[in-house]
Every structure is written in structure tokens, then in C-alpha cells.
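Got your viewer open? Load the model and follow along, one selection at a time.

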Amino acid sequence: MEGGRPLAEIVYSQVCKTYEHNGTKKKKHAGEGVRAVKDLSFTINDGEFVGILGPSGCGKSTTLRMTAGLEEITAGEIIIDGKVINHVTPKDRGIGLAFEDYALYPPLNVYDNIAFCLKAKNVSKEEVHQRITKIAPLMKLEDLLDAKVASLSGGQKQRVNIARALVRNPKVLLLDEPLSHLDGKMRQTLRTEIKRLHHNIQCTTVLVTHDQMEAMSLSDRVCIMNEGFLQQYGTPDEIFNDPVNLFVANFIGEPPMNLLQTQIRKEGDKYSFTFKDTNASIPMPETFKSILKEGNEFVLGIRPTYMDVVHDDNWDARFEVEIFENLGEEKNVSVRLGDNFLTVMTTKDIRFKKGDELRLKIQQKNLLLFDVKTGERLRPAG
Ligand code: ADP
Ligand code: MG
């Protein structure tokens, strides 16, 4: 952090990780090895905040541990500052690490816990003091430096954990699920503090989380993984509005995106999306004609907030209401379309009961089409 901003671009180039010994120890899988990370390629810019997001077991922690040097890289390269670090020892990578289970030393106070890792590095007492004095206020620990860590709350322990990573003056800060042990309100508070911290120190930061809210709210870009593969890497806006496949479309968003099995019907020169066991349909935008192929089966995706409830004749589609939920500010109206439900979310002051007619104006540019078989997004040409 001294002498201006450090440079720390991180490049992952076809990175793979196979664990030779299967952690589950099940006989059936013995000797097979676990392919935890598969051909991972993406770049984190200097100073960027990137969230690695995905379900449990998708390879997030493995990616972080390879970056830190705690796991060997089976194939490919990780490059920090233009230098391949595959064989650089962890302490020479310029990395600060904070894991979910803050392994603090309970008999020591906060100050000594933060100072601990510097002792081994022969940093002078004055320098240690200087660094801790600078970092403590960033993590709101200045009044807690004499407290024994055993007496701290979960949130405070996690702050000490992060401070301990920062005191090494890292070029790169790696955080593995730092908020997952905390309760709702504390999570929210610390999330805001991590954001503020990043604004202050501008250190390249990689956050691993399975919580989409956390990744989307904190990150400049989000890297979504599933089963060891990178699915999509983009800004929260791109991930939300322009998902590359069904996995991403389904994983991001609360309430989730409506994903509806659909058949396309042609009447004259008008096309529409139709659904099994119902007469209801949604008009298809002209632009989609270019991607229709004979015999293809499709999934239509539309987010609950990208349809407007209307009461006049200016509607695109109308349905029969199945479920109405009043959540206070937000209301969810659901209709049944074959095997699926289509849910609309609105903040309008509306009331429905089962069997009522629901008229919708549909934001055509936000209709997404996916190939049922491959799960890939189908984009109109041009
Ligand atoms: P995540 O952090 O996304 O939950 P991990 O990177 O921890 O996932 O794990 C990815 C896969 O690798 C999982 O299938 C997990 O069981 C396996 N795995 C993780 N660590 C080991 C290990 N030390 N030995 C064997 N398999 C492991
Ligand atoms: Mg993990």
C-alpha cells in the first residue's frame, strides 16, 4: 500500500486442478481423482473486485487456494503482475488471505493476533505498530486492540481475520466466504464495510461466495462457476440481463427468472410462444425468427420484473391467475403454464384472486431464448 498503488492483475490461463485422492474416501471413486477445476481462463484487472460465485463444490475455494499457493496447479498457469506464480512460494506471492473459519489465537488479544504473521517475517516493532494503527480503523478495530479474541462476536472476529490479511500489505486480497458464519444483520454490515475497505485500499480483491446477493452487490465483475467450469464472467448487469446459458439464468435472481418450456406457433406471418395444456400465448419478437430451427425445442426466459400488469386493452398476453401473494411493497402474481408457473412481480397497488384475468405488457427486449438440449442461449443475429 505504500508508495502508490500496487499492480496486481491476475490471469488464469487454462487452469486445471485434479485432486488425486478423492476426499470422500468412497471405494467406488477410489483412484479416480476429483477434477475440481477445469480449463479455467479469465483475467482480473489491477484493483478490480471480482466475486467467484457458484454452488457448493463447484471449485471456488480450490481456485482461491491455487492462487494463494496452498494447492498445486495441475495444469495451466496463474500469472500475477505478468509473472507465472505456479511455483512461487505462498509467502512470496504478495497475497493476503482470509477464510471463512478465522483461525485466530484465542489467548492473544486482537493486536497480537494481527501482528502474529509479521513476527515471523522479521518486521520491526515500530513498523508493525505503524501498520496496525493504519489498518485498525479501516476494520473498525481501533477500540478493540486490547480485547482477547475469545470475547469477540463473530463479526468482530471476522474483522480481525481480514485485518490480519491486510497487515501484510498484500497486492491481492483473497476472501473465502468471509460472511457465511455471520447472521443476517451482521452480514449486511460487514458487506458494506468490505465495500468501503476496497474503495479505500484499491487492492485487487477476489471474494469467493455461494451467495448471489453478496457477489452481485460487491463485485465489479462476477465469475460464475459450475462443476469446475467457468460459466460466465461479466459485470453484475451482464450476468443478470444477458446470461449465456440456462445455468446462469436460473442461478441469478430472486425471485428466479421464469423459465418456460415453449413451442413456437406460426399464424400468418405472426409468431408466438405457446405452452402445453393452455391456450395462453406470448407474442414472439420479429428478431427471433432468425434463430428458429425446425424441430428445436426452446425454453423461454423472462424475469418477474420485466412484465407489467396493465388493466387497459394495451396488453401483449393475458392469463388466468392461479396464486396472488401480497408481500407488502411487492406483489407476486403467478399463472400456470403447462408444467411451469409464470410469476410477475410488481410494486403496483394491485389485488387479485384465483381465476381473475391477468393482463401483461411484456418487455420484448428482455425475452430470452435457450436451447433445451444444450442449455445455451440463442441470440438473434445482428
Ligand atoms: P467450493 O469452494 O466451490 O464449494 P471446492 O473448491 O472446495 O468447492 O471443491 C471442489 C471439488 O473438489 C469438490 O468436489 C470437493 O469435494 C473436491 N475437493 C476439495 N478439496 C479436496 C481435497 N483436498 N481432496 C479431494 N477433493 C477435494
Ligand atoms: Mg468453498
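We'll start with the sheet, move to a helix and end at the pocket.

A quick note first: this is a predicted model, where local features need pLDDT of at least 70, side-chain atom pairs count only at pLDDT 80 or more, and totals for chains, interfaces and linings use all residues. Residues are numbered from 1 along each chain as its sequence is written.

**Stop one: the sheet.** Select β2, β1, β4 and β5, in that order: they form an open sheet of four strands with antiparallel pairing. Strands here are DSSP E runs of at least two residues, and helices are H or I runs of at least four, numbered from the N terminus; pairing takes at least two bridges found by DSSP. The edges are β2 (34-44) and β5 (83-84), each pairing on one side only. Now zoom in on β1 (residues 10-19), which pairs with β2 over seven bridges. Val15 sits opposite Leu40 in β2.

**Stop two: the helix.** Add α1 (residues 60-68), which lies across β1, β2 and β4 (75-80) and runs at about 115° to β1. That angle is between N-to-C directions, from 0 to 180 degrees, with axes fitted to C-alpha atoms, for helices over the stretch in contact (heavy atoms within 4.5 Å).

**Stop three: the largest pocket.** Select Ile95, Gly96, Leu97, Cys117 and Arg168, the nearest to its centre among 26 lining residues. A pocket is an open set of points on a 1 Å grid where a 1.4 Å probe fits, with protein on both sides within 12 Å along at least five of seven lines; lining residues have an atom within 4 Å of a point. Finally, colour β6, which gives the most to this lining, with four residues.

Conventions
Chains are lettered from A and ligands numbered from 1 in the order in which they are written. Side-chain values use heavy atoms; hydrogens and water are left out.
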